[in-house]
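Thanks for coming. I will take a few minutes to go through one chain, and you can follow along on the screen.

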Amino acid sequence: GSFPCSCCDAGMAKAKAKASRCLPTRCCSLWGAFLVLLGLPIVFILLQHDRLPGSLSVASGIAPAGAVTAVAQPVGGAGGTASIVAPAGEVPRRAEPALNTQRKTLEGYLNTCQTNDSRIINVTRWMGRLGNRLWQVHTAVRLAQAAGRKFVQLPGDLDARVFKLPSKLTVRPAAGTFGVCDFEADEDKYDCSVAFFNRCRSSVAERRSLYESHVLPYVRKEIWGSCKGGGEHSVTLHFRSGDVALAYGAQTLNGYHDQPPCLYYHQVIEVGYDGSPFSEIQLVYSKEEPKNPCIGDILSKHKDKRILKPTNSVRGDTCLLLKARNLAVTMSSMSTAMKMMSSKLHRLFFVNVLQEDDGLHFTNFDFNTTQVCEAFPRTVGFRVLPMVSRPMSPDAYFLNFPASNLMRSPPCDSGIG
């Protein structure tokens, strides 16, 4: 009438064992020895059985010739199973936890991030300054067009000094294939707050059309009277000063805001006018410190030309970018976005300082030369090639960059190089 020894505790007192009708420790040991002796013949029989043709091995886990072993293991969460099938002669492997390799999609983004109102793509906060905010707007509008949503809800003023953009922006329907979304998610994650790290892929021409239809109409009227604008022989040069003025060699922000060497600007000035120099130079830069070292370098090396300084106001400098006839942009979301809204732009110059040709910055800086040429037929692109050894000082990089490391493409519509 006693329980088997599986209920016994080696440290249990005999009296307690008797009261609980559980065998004492000594009995447990004897009972275990009896089971071992009883089990040996069973193991022998199973081993013999494994030798029979066409049988499935239990003892060794190896299937005989012609047989297939299938072992079900949990995969990907509670309740889910998957069969791991091993060929003949191979031990079935334990199933590894499934990785989340499912491709991110527009539908997944909407179901994850945009469920509050089926009419709206909601941007919950701004990221950075005006240039980045313009990127957020065009990205959110593009997502709304693809999803068939009527509005983009913005977190506040884009920049009240320049734009009078409503916080609830009406989205104009996309035409043709523009309503189809080739969805891209940075770091394979959904971006539910800033509409910056997820996007529907688009061409430069499509983005330019989007800026013209959804952002340009909201430029404040007083902006257009804040500057004169350059003529045919004038080139407008944009510089980044302040936080990334001295960024080079991918030392900060993965190189996303590395600035070009001054040689880029010098070449634009000297040969950008269809192989000839421009006679007038319009500089555009902020009051931030430190100043971009190329500003002083240009002032000292182009004294034979008329050089105009910035207006020293956000409205005036925005006007200069929007009215530029010939524009050299830099690694800046500000000038990159502003060029999209320039109706007078004739010649465009850009420079790619990125370490790799893909991802968010390659797309939004508009570095796909073929696409840029479709949108801006008179474009010349430059590419900064990495140096074998990184310059030890900003002056060595900005002021003495080797010409062999700066590639220049011919204009889109001619063979001039």
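**The chain as a whole**

The chain has 417 residues, and 43% of them count as buried. Please keep in mind that this is a predicted model. The secondary structure amounts to 12 helices and 14 strands. As for contacts, among those with a separation of 6 or more, 68% are between residues 24 or more positions apart. The exposed surface of the chain is about 21,600 Å², and 56% of that comes from carbon and sulfur atoms.

**The nonpolar core**

Which residues touch the most other members of the largest nonpolar core? They are V152, F163 and L237, in a core of 92 residues. Helix α4, residues 130-147, gives the largest share of this core, with 9 residues.

Let me stay with V152 for a moment. If we leave aside the neighbours within four places in sequence, V152 is in contact with I121, V123, A140, V141, A144, S167, K168, L169 and V171. L237 will come up again, as one of the residues of strand β8.

**Strands β8 and β9**

Now to the strands. β8 covers residues 234-238, and 5 of its 5 residues are buried, so the rest of the structure largely encloses it. In a regular strand, side chains alternate between the two faces of the sheet. In β8, S234, T236 and H238 point one way, V235 and L237 point the other way, and all are buried.

β9, residues 280-284, gives a similar account: 5 of 5 residues are buried, so this strand too is largely enclosed by the rest of the structure. Both of its faces are covered, with E280, Q282 and V284 on one side and I281 and L283 on the other.

How many bridges join β8 to β9? There are 5, and the two strands run parallel. To go from β8 to β9, the chain passes through helix α6, residues 262-271, and this β-α-β crossover is right-handed. If you want positions to look for on the screen, T236 stands opposite Q282 in β9, and H238 stands opposite V284.

**The neighbours of these strands**

β9 also pairs with β10, residues 306-308, through 3 bridges, and these strands run parallel. E280 has R306 as its bridge partner in β10. Helix α7, residues 293-301, sits between them in the chain path, and β9, α7 and β10 together make a right-handed β-α-β unit.

β8 has another partner as well: 2 bridges join β8 to β11, residues 326-328, again in parallel. Here L237, which we met in the core, stands opposite A328.

**Disulfides**

That leaves the cysteines. How many disulfides does the chain have? The count comes to 5, and I will go through some of them.

Take C262 and C294, whose sulfur atoms are 2.2 Å apart. The torsion about their S-S bond is about -95°, so this disulfide is left-handed. C262 lies in helix α6 and C294 in helix α7, so the pair ties together parts that are 32 residues apart in sequence. These are the helices we have just passed, α6 on the way from β8 to β9 and α7 in the unit with β9 and β10. Are these cysteines buried or exposed? C262 is buried at 1% relative accessibility, and C294 is buried at 0%.

Next, C181 and C200 form a disulfide, S to S 2.1 Å. With a torsion of about -100° about the S-S bond, this disulfide is left-handed. C181 is in the loop between β5 and β6, while C200 is in strand β7, so the pair ties together parts 19 residues apart in sequence. C181 is partly exposed, at 21% relative accessible area, whereas C200 counts as buried at 4%. The cut-off for buried is under 20%, so C181 falls outside it.

The last pair I want to show is C373 and C412, S to S 1.8 Å. The torsion about the S-S bond is about -70°, so this disulfide is left-handed. C373 is in helix α11 and C412 is in the segment after β14, which puts the linked parts 39 residues apart. Both cysteines count as partly exposed, C373 at 22% and C412 at 28%.

That is what I have. I will leave the structure on the screen for discussion.

Notes: Residues numbered from 1 in each chain as written. Predicted model: local features only at pLDDT ≥ 70, side-chain atom pairs only at ≥ 80, totals over all residues. Heavy atoms only, no water. Buried < 20%, exposed > 50% of the residue type's maximum accessible area, 1.4 Å probe, protein only. Helix = DSSP H or I, 4+ residues; strand = E, 2+ residues; numbered from the N terminus. Pairing = 2+ DSSP bridges. Right-handed = clockwise from strand over helix to strand, strands pointing away. Contact = heavy atoms within 4.5 Å. Areas by Shrake-Rupley, 256 points an atom, 1.4 Å probe, with all protein chains shown as cover. Core = buried A, V, L, I, M, F, W, Y, C linked by side-chain atoms within 4.5 Å. Disulfide = S-S within 2.5 Å.
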